[in-house]
Amino acid sequence: MQTLTEIESEYSFLEADDRYRLLIDLGRELEDMPAPLKTDTTLVRGCSASVWVYPTARDDGTLHFLADSNAAITKGIIALVLRTVQDQPAAAILATDIPGALGPFDLSKQLSSNRTQGIPNMIALIRETAARYV
């Protein structure tokens, strides 16, 4: 799996249409989220598309997130967000500057506001989850 830095390096050289394709491809790489986990409880509020995030605590103290969306580009954005925190201890997730890590992608300039409006809510849900495990 590519690191966020490797993805950003590739992303920075692409034209707008190819950036969309890259995000769609990243979304396709997400681990499948079983339909029974897509509930009102796991639904991220404030997203223009439906977005679900389901956290699991692993025995080694790390958090693993399953996520999905009904919109391909939004699913790619989720994949970027998860690359910053996936399989990390809760304390490390809380210490991660997720918006800063996503900064080089300049998503607010690359995508419509409808596509990016839910990102803060995704990040908040991830942080709230991590805070429960510290």
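Select Val134 to begin: at 67% relative accessibility, this residue counts as exposed. Val134 sits in the segment after H8. The structure on screen is a predicted model.

Keep Val134 selected and add Ala90. The two are 44 residues apart in sequence, yet their C-alpha atoms lie 5.8 Å apart in space. Leaving aside neighbours within four places in sequence, Val134 is in contact with Ala90, Ala91 and Leu94.

Next, step back into helix H8, residues 119-132, and pick Met122. Which residues does Met122 touch, not counting those up to four places away in sequence? Show Val44, Cys47, Val51, Thr74, Ile77 and Ile78, for these are the residues that Met122 touches.

Met122 also belongs to a wider set. The largest nonpolar core has 34 residues, and Met122 is among those with the most contacts inside it, together with Phe65, Leu80, Leu82 and Ile126. Colour the elements that each supply at least two residues of this core: helices H1 (4-12), H2, H3, H4 (90-95), H5 (98-102) and H8 (119-132), and strands E1 (51-57) and E2 (62-69). The largest share, eight residues, comes from H3. As a general point, nonpolar side chains in soluble globular proteins tend to be buried together.

Now select H2, residues 16-28, and H3, residues 72-85. Their axes are 7 Å apart and the helices pack at an angle of about 70°; angles of 65 to 115 degrees count as roughly perpendicular, and H2 and H3 are therefore roughly perpendicular to each other. To see where they meet, show these side chains:

- From H2: Tyr20, Leu23, Ile24, Leu26 and Gly27.
- From H3: Ala72, Ile73, Lys75, Gly76, Ile77, Ala79, Leu80 and Arg83.

By class, this contact of H2 with H3 has nine nonpolar, two polar and two charged residues.

The rest of the tour follows charged side chains. A search of the whole structure finds seven salt bridges. Three of them are visited below, starting with Arg83 of the helix contact.

Select Arg83 and Glu29. Their side chains meet in a salt bridge, with N to O at 3.0 Å. Arg83 is in helix H3 and Glu29 is in the loop between H2 and E1, so the pair links distant parts of the chain, 54 residues apart. Is Arg83 buried or exposed? Arg83 is buried, with a relative accessible area of 18%, because buried means under 20%.

Move to Asp68 and Lys38. The closest N and O atoms of this salt bridge are 2.5 Å apart. Asp68 lies in strand E2 and Lys38 in the loop between H2 and E1, 30 residues apart. The two partners are not equally covered: Asp68 counts as buried at 9% relative accessibility, whereas Lys38 counts as partly exposed at 28%.

Then select Arg58 and Asp87, a salt bridge whose closest N and O atoms are 3.2 Å apart. Arg58 is in the loop between E1 and E2, while Asp87 is in the loop between H3 and strand E3 (88-89), and 29 residues separate them. Arg58 is partly exposed, with a relative accessible area of 39%. Asp87 is also partly exposed, at 31%.

For the last stop, return to Lys38 and Asp68 and add Lys75. Salt bridges that share partners join Lys38, Asp68 and Lys75 into one network. Lys75 was already on screen as one of the H3 residues in the contact with H2.

Notes:
Residues numbered from 1 in each chain as written. Predicted model: local features only at pLDDT ≥ 70, side-chain atom pairs only at ≥ 80, totals over all residues. Heavy atoms only, no water. Axes fitted to C-alpha atoms, helices over the stretch in contact; angles between N-to-C directions. Helix = DSSP H or I, 4+ residues; strand = E, 2+ residues; numbered from the N terminus. Parallel < 35°, antiparallel > 145°, perpendicular 65-115°, else oblique. Contact = heavy atoms within 4.5 Å. Nonpolar A, V, L, I, M, F, W, Y, C, P; charged D, E, K, R; others polar. Core = buried A, V, L, I, M, F, W, Y, C linked by side-chain atoms within 4.5 Å. Buried < 20%, exposed > 50% of the residue type's maximum accessible area, 1.4 Å probe, protein only. Salt bridge = Lys/Arg side-chain N within 4 Å of Asp/Glu carboxyl O.
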